[in-house]
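Q: Please take a close look at one part of this model, a pocket and the make-up of its lining. Then follow the chain outward from there through the contacts between side chains.

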Amino acid sequence: MPEATSVNTQTMLPNEPQGKAVVYQVFTRLFGNKNQTNKPWGTLEENGVGKFSDFTDTALEGIKQLGTTHIWYTGVPHHDVITDYSAFGISNDDPDVVKGRAGSPYAVKDYYSVNPDLADDPVQRLAEFEALIERTHKHGMQVIIDIVPNHVARNYHSLAKPEGIEDFGENDNPSVEYQRDNNFYYVVGEDFKVPESLHGYRPLGGEQHPLSDGLFIESPAKWTGNGSRLAQPHANDWYETVKVNYGVKPDGSYDFPRLPEQYLKLGVADHQAFWADKEVPSSWIKFRDITFYWLTKGVDGFRYDMAEMVPVEFWSYLNSSIKTKNPQAFLLAEVYNPDLYRDYIHMGKMDYLYDKVDFYDSLKALMQGNEQATKLQHIQQGIADIDEHMLHFLENHDEQRIASDEFAGRVGGAQMGKPALVVSALISRSPTLIYFGQEVGEDGSEDMGFGDPSRTSIFDYAGVPAHQRWMNDGKFDGGQLSREEKALRDYYVKVLNISAYHPAMLGEYLPISITPDYLKVTDEVSGDSQASYADANKIVAFIRYSEAGRLLVLSHFSTEQTVKLSLPLGRQQLEALTLNTGQHSVTDMLSGNTYVLEVAGQQAILQVNLAPLQSLVIAL
């Protein structure tokens, strides 16, 4: 194992079966790019691009070290790009309706092909992706790709669709705003107009381009992806996309069979049987055919973009079909409304939803000093019935990098992510998602063209500096990382392997309340002093336990103070930890340090010092 990715072997659990999933999200065209030019609005030739072939055996082993079970290859389906591939029979895309030079991965142009940027030979692009699927499987990981059901690129046209498959909109009646089996909604009698630019924005940064003329022919205009019904959408609308019709009428009523309420409690087979004799809108069938196509290619699951913008009945139809074909398929959805969580899990048959609202948002606020630790305990208890379905993350392509100045860069940088990682990864039975570069402290500060920095660009060609230092010119051994970056990656490896393999992770959760009575604040000048409620509310504490293993977890979110913690454990905690009377030597799986836990009758005391941003994961 290379020096940069060495780990304390006592934190690894190689003899344990994998429990919780760890999803490694990688922005595919950025992962393998060695070019460090990073010119704003730079072309593929100027800034470079990563390829499927950059995911070598060594690279995949590096990803696997993080406890990874699934790689989410973001940006694989063929979406609009500005690079000219007309020599390969691919039509050029119009900069007036493309975001950035490399294009949005969520403006899919052809669901039956893959982004030609990612192939060494664009003619063989599909075969090259199939080879990557095979390599990923060889390393014991599964493959997830995006499905974007709510919208497609304005110029959607599949060159690679199988025989008998029709394009979206191919048989639409554009003379009416709505018809159940139209794939799109139409602004009858009006032509599409490119949005008026804001703040001096110009496509491609103002560079001359034959198609960059402020015009895009679409007659009649279609509704825009975010639901705008204007022929000329606003610049802040998702103007590069058009909304897909799922049988929802313009007045919001439904033009398809509704699922009876009892289906909330019924399984996949019952849902599949319900739809077997029902007529459903054309768009439903098209997306079922698309997912079946990729399952046949070896894809193991899907991440569904903005799933809550599509009726839950569609998800019942689609996901029960997928699960009938592949019962082990991994189905992850972006849903932000907590009131919809249970419907989309039970009625929509999703495996996992983003736990952004409330968990991630509150954890971020805690990291920034704007929230109390107890808030996370309340949230966790409120979703106890669905906690295993709520995927946790600290970064993804939509969120700010932890190390960015806008998030935590001015406070603790990437180090702020360490206690948050422990809490996020270990507090529940939910899977954990890691975004590439997060594990080495990437700060997302590059201003590459479309959009603002703090999030690694998903719209332009770019290199990702901290990740490139781990990549080390294709050696994938961390050879260019700083000492701090190496240590951070080692920390991620330790925590994520506990998350993935420790048997307590599939067990129960028991929160521990921290009060000022348990704490003393250490001051180098005045010595120890009594802690405040503010100090206590910077510590998250809980127990995870099962018959096969028990963990006591403490995470300290203060960036300034060391605290002395005399943690009392009562009868309920001792029962969970199954500890007998006497002194117990316990070990922190992150540092290897040992502590004494003294049990007397129905009480126990653990005395530890917690440094700023320190976590303990104590194995019992």
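A: To sort a lining by chemistry, Ala, Val, Leu, Ile, Met, Phe, Trp, Tyr, Cys and Pro are taken as nonpolar, Asp, Glu, Lys and Arg as charged, and the others, Gly among them, as polar. The model is a predicted one.

The part examined here is the second largest pocket, with a volume of about 250 Å³. Its lining is made up of 20 residues, of which V248, Y254, M309, V310 and P311 are the closest to the centre. Two elements, α7 and α8 (341-347), contribute two or more residues each to this lining. By class, the lining of the second largest pocket holds 13 nonpolar residues, six charged ones and one polar residue.

The largest pocket can be set beside it. Its volume is about 1200 Å³. There are 44 lining residues, and K99, E240, F450, G451 and F459 are the ones closest to the centre of the largest pocket. Here the lining splits into 18 nonpolar, 14 polar and twelve charged residues.

Aromatic contacts come next, and they lead back to α7. The structure has 41 aromatic pairs. In one of them, Y263 and F274 have ring centres 5.2 Å apart and planes at 65°; planes over 60 degrees apart are classed as edge-to-face, so this pair is edge-to-face. The two rings join distant parts of the chain, eleven residues apart: Y263 is in the loop between β9 (241-243) and α5 (268-275), while F274 belongs to helix α5 itself. Burial is set at under 20% relative accessible area, so Y263 counts as buried at 15%. F274 is also buried, at 10%.

A second aromatic pair, W284 with Y317, is tilted, with 5.5 Å from centre to centre and 50° between the planes. W284 comes from helix α6 (residues 282-297) and Y317 from helix α7 (residues 312-325), so this contact ties together parts 33 residues apart in sequence. Helix α7 is thus met again here, having already appeared as one of the elements that line the second largest pocket. Both W284 and Y317 are buried.

Rings also meet charged groups. The charged end of K418 is placed over the ring of Y491, 4.6 Å from the ring centre. R401 has its charged end over the ring of F436, at 5.6 Å from the centre.

Pairs of opposite charge follow. Side chains of opposite charge can pair when their charged atoms come close. With a limit of 4 Å between a side-chain nitrogen of Lys or Arg and a carboxyl oxygen of Asp or Glu, there are 26 salt bridges. In the one between D146 and R303, the closest N and O atoms are 3.5 Å apart. D146 is in strand β5 (residues 142-147) and R303 in strand β10 (residues 301-304), so the bridge connects parts of the chain 157 residues apart in sequence. D146 has a relative accessibility of 1% and counts as buried; R303, at 0%, counts as buried too.

Another salt bridge pairs R180 with D181 at 3.1 Å, N to O. D181 is at 36% relative accessibility and therefore counts as partly exposed. R429 and D387 form a further salt bridge, with N and O 2.7 Å apart. R429 sits in the loop between α12 (417-426) and β14 (432-435), and D387 in the loop between α10 (373-382) and β13 (390-393), so the pair links parts 42 residues apart in sequence. R429, at 25% relative accessibility, is partly exposed, whereas D387, at 7%, is buried. Beyond single pairs, D146, R303, D305 and E334 belong to one network of salt bridges with shared partners.

One helix remains, α9 (residues 356-367). Nine of its twelve residues are buried, so the helix is mostly covered. The buried residues of α9 include K356 and K364, along with F359, Y360, S362, L363, A365, L366 and M367. An α-helix has 3.6 residues a turn, so residues three or four places apart point the same way. Just after α9, G369 adopts a positive phi of about 80°.

Methods:
Residues are numbered from 1 along each chain as its sequence is written. This is a predicted model: local features need pLDDT of at least 70, side-chain atom pairs count only at pLDDT 80 or more; totals for chains, interfaces and linings use all residues. Side-chain values use heavy atoms; hydrogens and water are left out. Rings of Phe, Tyr and Trp (its six-membered ring) pair if their centres lie within 6.5 Å; planes under 30 degrees apart count as stacked, over 60 as edge-to-face and the rest as tilted. Helices (H or I, at least four residues) and strands (E, at least two) are DSSP runs, numbered from the N terminus. Buried means under 20% relative accessible area, exposed over 50%, partly exposed in between (1.4 Å probe, protein chains only). A charge sits over a ring if NZ of Lys or CZ of Arg is within 6 Å of the ring centre and within 35 degrees of the ring normal. On a 1 Å grid over the protein atoms alone, a cavity is a set of points where a 1.4 Å probe fits but cannot get out, and a pocket is an open set with protein on both sides within 12 Å along at least five of seven lines; lining residues have an atom within 4 Å of a point. Grid points are joined across faces, edges and corners, and a volume is the space filled by probe spheres set on the points.
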